[in-house]
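Q: Please take a close look at one part of this model and describe how it sits in the rest of the chain. A plain account, residue by residue, would suit me.

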Amino acid sequence: MENRDLINLGKQILEAQSFSKLIGATLTKFAAGEVVLEIPIKDSLLQQNGFVHGGVLSYAADNALTFVGGSVLGPHVLTSEYKINYLRPAVGEKIIAIGTVIHAGKRQAVCRCDVQVLHHGEKKTCATAQGTIVTMDPTANNNS
């Protein structure tokens, strides 16, 4: 599948996710092995101290991991597991989740996501995550 077709498919999938629409997530890059998901920071996404809520950062990591896993496994995927480390409070204008594939087999992919915050033109990593994405495609080979 060409990158243009992949990004169009990714945008259709994201549009079908009501929570993604609610928080304003957009897919700005979707290529085999790399994904960029962006979320504008607005007051409704902040916790009581004025930082982006950890649940929003977790959503960004989980969705970027799943999209990037799907870029190599196909569109019928789920997150099997993931772990996130929060590194610093997220304050700024935009969240940028960058997903990459570490290793892919036929049924699963181990992926990484760095979640950055853009603040006054400077990007800082505020969280990092790693996860396993699995295909639900019954025709995929059972050996990973």
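A: The side chains of Thr 132 and Glu 81 are joined by a polar contact of 2.7 Å. The model is a predicted one, and this distance, like the other values here, is computed from it. Thr 132 belongs to strand S6, which covers residues 122-135. Its relative accessible area is 12%, and because the cut-off for buried is under 20%, Thr 132 counts as buried. Glu 81 is also among the residues that Thr 132 touches, once residues up to four places away in sequence are set aside. The others are Leu 78, Thr 79, Ser 80, Gln 108, Ala 109 and Val 110. Gln 108, Ala 109 and Val 110 fall in strand S5, given as residues 108-119.

Two further residues of strand S6 help to place Thr 132. Val 134 is found in strand S6 and is partly exposed, with a relative accessible area of 25%. With neighbours within four places in sequence left aside, Val 134 is in contact with Leu 73, His 76, Val 77, Leu 78, Ser 80, Arg 107 and Gln 108. Leu 78, Ser 80 and Gln 108 thus appear in the contacts of Val 134 and also in those of Thr 132. For His 76, the C-alpha atom is separated from that of Val 134 by 8.5 Å, with the two positions 58 residues apart along the chain.

Ala 129 also lies in strand S6. At 4% relative accessibility, Ala 129 counts as buried. Its contacts, again without the neighbours within four places in sequence, are Ala 61, Leu 65, Tyr 82, Lys 83, Ile 84, Cys 111, Arg 112 and Cys 113. Ala 61 and Leu 65 fall within helix H3, which spans residues 54-73, and Cys 111, Arg 112 and Cys 113 fall within strand S5. The C-alpha atoms of Ala 129 and Val 115 are 8.1 Å apart, and these residues are 14 apart along the chain.

Helix H3 can be followed from its own side through Ser 58, which lies in that helix. Ser 58 is buried, with a relative accessible area of 14%. Leaving out residues up to four places away in sequence, Ser 58 touches Tyr 82, Ile 84 and Tyr 86. Tyr 82 and Ile 84 are also in contact with Ala 129.

On the other side of the sequence from strand S5 is strand S4, residues 94-104, where His 103 has its place. His 103 is exposed, with a relative accessible area of 52%. Apart from neighbours within four places in sequence, His 103 is in contact with Gln 108, Ala 109 and Val 110. Thr 132 touches these three residues too. The C-alpha atoms of His 103 and Gly 69 are separated by 9.5 Å, and the two residues are 34 apart along the chain.

Two loops flank strand S5 in sequence. Gly 105 lies in the loop between S4 and S5 and counts as partly exposed at 24% relative accessibility. The C-alpha atom of Gly 105 is separated by 31 Å from that of Lys 21, which is 84 residues away along the chain. His 120 lies in the loop between strand S5 and S6. His 120 is exposed, with a relative accessible area of 67%. His 120 has a positive phi of about 50° although it is not a glycine. Most residues other than glycine have a negative phi.

As for the chain around this part, there are 3 helices and 6 strands. From the N terminus on, the elements run α-α-β-β-α-β-β-β-β. Of the contacts with a separation of 6 or more, 62% are between residues 24 or more positions apart. Of the 144 residues, 40% count as buried. The radius of gyration is 15 Å, which agrees with the value near 15 Å that a compact globule of 144 residues would have. Along the principal axes, the C-alpha atoms fill a box of roughly 50 × 25 × 25 Å. The accessible surface comes to about 7,700 Å², and carbon and sulfur atoms account for 50% of it. The chain carries 13 positive and 12 negative charges, and their mean positions are 2 Å apart.

Notes
Residues numbered from 1 in each chain as written. Predicted model: local features only at pLDDT ≥ 70, side-chain atom pairs only at ≥ 80, totals over all residues. Heavy atoms only, no water. Helix = DSSP H or I, 4+ residues; strand = E, 2+ residues; numbered from the N terminus. Rg over C-alpha atoms; globule rule 2.2 N^0.38 Å. Buried < 20%, exposed > 50% of the residue type's maximum accessible area, 1.4 Å probe, protein only. Contact = heavy atoms within 4.5 Å. Areas by Shrake-Rupley, 256 points an atom, 1.4 Å probe, with all protein chains shown as cover. Lys, Arg positive; Asp, Glu negative; His and termini not counted. Charge placed at Lys NZ, Arg CZ, Asp CG, Glu CD. Polar contact = N/O pair within 3.5 Å; in protein donor to acceptor, adjacent residues only side chain to side chain.
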